2 protein chains.
Amino acid sequence: MAIRVAVDAMGGDDAPAVIVEGAVRAVESSKGRIEVQLCGPETVVQAVLEKFGAPSGIEIVHAPQVIGMGDSPVAAVRAKGNSSIHVGLRNHKERLADAFLSAGNTGAVGAASLFVLGRLPGLFRPSIPTLYPTLKGVCTVLDVGSNMDSRPDHLLQFAKMGSAYARIIMDVAQPRIGLLSVGEEPAKGNELVRAAHELLVNSMDLNFIGNIEGRDIFYQKADVIVCDGFVGNVILKLGESIRTVVPEMIEQELAKLQSKPSVVDLLKEVLAALSRRFDPERYGGGCPLLGVEGEVFILHGSTTAVAVEQCIKQAAQAAKLNLTSAIQRALAP
Amino acid sequence: MAIRVAVDAMGGDDAPAVIVEGAVRAVESSKGRIEVQLCGPETVVQAVLEKFGAPSGIEIVHAPQVIGMGDSPVAAVRAKGNSSIHVGLRNHKERLADAFLSAGNTGAVGAASLFVLGRLPGLFRPSIPTLYPTLKGVCTVLDVGSNMDSRPDHLLQFAKMGSAYARIIMDVAQPRIGLLSVGEEPAKGNELVRAAHELLVNSMDLNFIGNIEGRDIFYQKADVIVCDGFVGNVILKLGESIRTVVPEMIEQELAKLQSKPSVVDLLKEVLAALSRRFDPERYGGGCPLLGVEGEVFILHGSTTAVAVEQCIKQAAQAAKLNLTSAIQRALAP
């Protein structure tokens with residue numbers, strides 16, 4: 001029997017056009033294994049669907065109301081009980097559909113899902129896991145923004161849900177769960193993470209590998225990375241920006257080249273320049289300790305003579321320019 | 001008159017060798033503008049310094065004790081009052097040196113600085129700013145790990161100190177201060193960030209540009225990025241890992257190439273592959289909403305027909321494999 005997916009035809013910037021087109025593609029390429037219920041105002045959706053010759057396997061489910069991308073989620077979910085989101089979710093609730101999806105107002109989809117479907121027993125907060133590219137494939141990060149102020153037991157539940165998700169959907173037999181922190185030792189981190197670490201260690205049904213750090217993500221030290229939604233959202237967006245940043249940086253490095261080297265030399269040169277740019281030693285390696293009554297500089301333990309030289313110059317410069325008095329003036333209320 | 005920098009000769013993995021070498025380089029290249037006081041056990045430091053022909057401008061200040069990299073900071077600072085760190089800081093305190101630097105135990109340097117020098121009036125917590133590479137140069141991020149659980153007024157002080165630092169040391173006339181959050185609107189973020197936003201808006205002497213997001217960092221939307229030490233440390237280490245990750249990813253893409261294209265085509269092909277890897281749409285673009293009583297999937301508002309197609313297939317797969325029951329079982333205590 002085909003799997004029936006209810007789809008919010010009205011959600012997303014280019015709805016219903018791209019949604020209907022995507023539905024048609026999914027149904028046609030599935031060769032009968034997937035059926036789609038397009039939820040939205042019947043005449044509007046019908047008009048778009050007709051352009052695709054009304055293929056079989058697609059049904060329109062009438063929903064007279066539409067929640068806009070800019071609508072306040074909670075208010076819209078209350079006021080528009082017959083929105084395309086509600087109608088699709090109700091179809092799923094009543095087992096007329098096996099799943100529901102929407103590219104619409106994320107907050108409204110979350111609120112309506114809780115309202116129409118309810119939350120799983122014992123669950124504190126739903127969470128949206130996302131995939132992060134790594135050197136070995138992808139890992140799952142959650143939460144990435146649905147929960148801003150988390151408690152330790154929220155993080156434990158994110159770990160449990162993420163583990164099940166990775167096992168079922170990502171097909172990882174025993175997903176390694178890593179807790180995002182600032183050091184490997186259990187005592188490292190903020191209050192939230194230290195308390196969550198204890199809960200995770202004591203959770204027998206998880207393959208918890210301990211804390212991981214920012215530098216471990218791309219190396220996929222863990223299959224599932226657990227963090228609160230604030231941190232997760234920041235690193236998710238940072239990671240997405242690499243997509244445009246790295247090519248732009250490579251172009252900047254190429255523009256600096258004087259000669260026309262061979263392919264291999266060119267790549268080596270550009271990669272070396274890129275690597276230098278991300279080298280923590282590049283800017284002297286040392287950082288001031290701001291806020292004490294003096295000019296104190298701190299270097300990495302694995303420092304080099306060149307970094308020490310640069311840091312001494314930096315410290316001398318700070319002393320000459322009177323950095324500490326400037327900090328003191330800045331702190332004055 | 002020369003600027004005198006007290007240097008912890010015993011701090012760092014390869015101390016005193018690289019520290020002394022760095023000091024010699026700094027003094028010699030400064031042509032009389034910098035003098036260095038090497039703090040450490042006299043005979044030990046003397047033996048290394050002699051290899052460089054005992055250059056003028058370098059003085060040894062005897063410190064009989066050494067704090068190890070693995071020592072507990074607070075205990076070591078109490079027990080070893082004549083460590084190279086203490087002696088150097090005392091020289092600075094007594095104005096025999098204009099600055100102090102160390103590559104030693106960071107916690108011990110911080111604790112000893114507070115103990116010997118004291119904190120600036122009105123300051124809650126010292127902070128270490130670091131530099132982050134961007135497409136336009138560098139920006140300053142603080143805090144990056146010295147403060148794990150921050151209050152809103154701590155973040156305000158980080159902003160003030162970071163602003164002074166960028167002005168004095170980075171030579172930015174009116175540093176743009178950005179508060180790291182998950183959206184531009186003041187209401188976005190966790191409790192800490194929302195309260196800090198209000199303080200920053202009301203601080204007249206700062207060039208506060210509002211919230212910035214993870215994706216804005218590399219584009220240097222702000223010159224100074226304010227965040228708590230936990231988040232700062234995670235993104236700092238994530239950023240540092242790009243140095244090795246991107247060349248490795250490029251090598252992976254090169255290894256996949258079948259033909260031997262020209263230089264330009266090669267670069268274009270590799271960059272396109274790299275970009276695809278960081279494309280959020282690559283993995284279907286949709287994410288499940290875990291924790292509700294059903295299979296709900298959420299797509300980006302700016303979705304495409306191909307992403308909708310993939311997400312429908314993903315939702316069908318989740319329904320078929322019964323993702324929600326797996327999540328429910330995982331949540332059971």
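Between which two elements of chain B is the loop that holds Asn147(B) found? In this predicted model, Asn147(B) lies in the loop that runs between β6 (137-142) and α6 (152-168) of chain B.

The surroundings of Asn147(B) can be followed from its accessibility to its partners. With a relative accessible area of 3%, Asn147(B) counts as buried, because that term is applied to values under 20%. Its side chain reaches the backbone oxygen of Pro126(B) at a distance of 3.1 Å, and Pro126(B) is also listed among the residues in contact with Asn147(B) once neighbours within four places in sequence are left aside. The other residues in that set are Arg125(B) and Ser127(B), together with Phe158(B), Asp228(B), Gly229(B) and Phe230(B). Of these, Phe158(B) has a number that falls within the range of α6 (152-168), the helix that follows the loop of Asn147(B).

Further along chain B, strand β7 (residues 176-180) and strand β8 (residues 207-212) run parallel and are joined by five bridges. Within this pairing, Arg176(B) of chain B stands opposite Asn207(B) in β8(B). The two strands also belong to a β-α-β unit, in which helix α7 (residues 191-201) of chain B is the helical member and whose hand is right-handed.

At the level of the assembly, chain B is superposed on chain A by a rotation of 180° with 0.0 Å of shift along its axis, and the RMSD is 0.1 Å. The two copies are therefore related as by a two-fold rotation axis. The same surface serves both copies, since 100% of the contact residues of chain B recur in chain A.

Note on methods. Residues are numbered from 1 along each chain as its sequence is written. Chains are lettered from A and ligands numbered from 1 in the order in which they are written. This is a predicted model: local features need pLDDT of at least 70, side-chain atom pairs count only at pLDDT 80 or more; totals for chains, interfaces and linings use all residues. Side-chain values use heavy atoms; hydrogens and water are left out. Copies are superposed by least squares on the C-alpha atoms of residues with pLDDT of at least 70 in both. Contact means heavy atoms within 4.5 Å. Helices (H or I, at least four residues) and strands (E, at least two) are DSSP runs, numbered from the N terminus. Buried means under 20% relative accessible area, exposed over 50%, partly exposed in between (1.4 Å probe, protein chains only). A polar contact is a pair of N or O atoms within 3.5 Å; within protein, one must be able to donate a hydrogen and the other to accept it, and residues adjacent in sequence count only if both atoms are side-chain atoms. Two strands pair if DSSP finds at least two bridges between them. A crossover is right-handed if, with the strands pointing away from the viewer, the path from the first strand over the helix to the second runs clockwise.
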